[in-house]
Amino acid sequence: MIKSIKAIAAAAVIAAVPFSVHADSHKGGVEEVLVILSSDSLQTQGMAMVLSNTMAQQGAKVNVLLCDKAGDLALKSYEAPALKPKDVTPGQMLRGLLKNGGEAKVCALYLPNSDYGKDDLIEGVGVAMPPEMAGQMLNSKMRTFTF
C-alpha cells in the first residue's frame, strides 16, 4: 500500500514537471508574435482574436496578417454575429487589439482580388508587402501562429 502511494506521488511530481517548466519558460518569453488569420470560420477568427488580445495583455507586441475572407474583419463595413460569452465579433476584437498597440495588415492579395480598396479599411490597418511579412516569418525572435 505504501509503495503504491509513493508511486502515485512520484508520478504526480513527474507529470507536473513539464507544466512548471513550460510556465517558467514564458517569463522570459516571446516579445513579438505574428498571427496569420485566413480562416472564414467565425469561431476560428474569434479565437485568433481572443488569443491575440490575450498575448498583447501579457506584454507581447502582436502583428496580425489577415488573408482571404479574414481580411473582411478589417473592413469599415464588417458585420458578423457576436460570439459568446462576451458578445463581441472578431472585428470588434481586432479593433480592440489595434487600440491597445497591436498592428494589423491585410495580405497583399486581398484588396486586388476583392471589390474593396484601401479606403474601405478601418483606421490603423495597412496592406502587407511580401518582403516585410517574409522577414517577420523568418525572424527567429518572433513566433508565428496560423489560424
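1. The second largest pocket of this predicted model has a volume of about 350 Å³. Its lining is made up of 16 residues, and those closest to the centre of the pocket are Gly46, Val50, Lys86, Val88 and Met93.

2. As to where this lining comes from, α2, which covers residues 42-57, and α3, which covers residues 90-99, each supply at least two residues of the lining of the second largest pocket. The larger share belongs to α2, which gives the most to this lining, with seven residues.

3. In chemical terms, the lining of the second largest pocket is mixed, since its residues fall into six nonpolar, eight polar and two charged ones. A reader who wishes to inspect the pocket may begin with the residues closest to its centre, among them Gly46 and Met93.

4. Turning to charged pairs, a search of the whole structure finds five salt bridges. One of them joins the side chains of Lys61 and Glu32, with 3.7 Å from N to O. Lys61 belongs to strand β2 (residues 61-66) and Glu32 to strand β1 (residues 32-37), so this pair ties together parts of the chain that are 29 residues apart in sequence. Both partners are partly exposed, Lys61 with a relative accessible area of 32% and Glu32 with a relative accessible area of 23%.

5. A second pair to look at is that of Lys84 and Asp87, whose side chains meet in a salt bridge at 3.1 Å, again taken from N to O. The two partners fall into separate classes of accessibility: Lys84 counts as exposed, at 69% relative accessibility, whereas Asp87, at 44%, counts as partly exposed.

6. The side chains of Glu132 and Lys105 also form a salt bridge, with an N to O value of 2.4 Å. This pair links distant parts of the chain, for Glu132 lies in helix α4 (residues 130-138) and Lys105 in strand β3 (residues 103-106), and the two residues are 27 apart. Glu132 counts as partly exposed, its relative accessibility being 33%.

7. Finally, some of these contacts should be read together, as salt bridges that share partners join Glu32, Lys61 and Glu103 into one network. The pair of Lys61 and Glu32, with its 3.7 Å from N to O, thus appears here once more, with Glu103 as a further member of the network.

Methods:
Residues are numbered from 1 along each chain as its sequence is written. This is a predicted model: local features need pLDDT of at least 70, side-chain atom pairs count only at pLDDT 80 or more; totals for chains, interfaces and linings use all residues. Side-chain values use heavy atoms; hydrogens and water are left out. On a 1 Å grid over the protein atoms alone, a cavity is a set of points where a 1.4 Å probe fits but cannot get out, and a pocket is an open set with protein on both sides within 12 Å along at least five of seven lines; lining residues have an atom within 4 Å of a point. Grid points are joined across faces, edges and corners, and a volume is the space filled by probe spheres set on the points. Helices (H or I, at least four residues) and strands (E, at least two) are DSSP runs, numbered from the N terminus. Ala, Val, Leu, Ile, Met, Phe, Trp, Tyr, Cys and Pro count as nonpolar, Asp, Glu, Lys and Arg as charged, and the others, Gly among them, as polar. A salt bridge is a side-chain nitrogen of Lys or Arg within 4 Å of a carboxyl oxygen of Asp or Glu. Buried means under 20% relative accessible area, exposed over 50%, partly exposed in between (1.4 Å probe, protein chains only).
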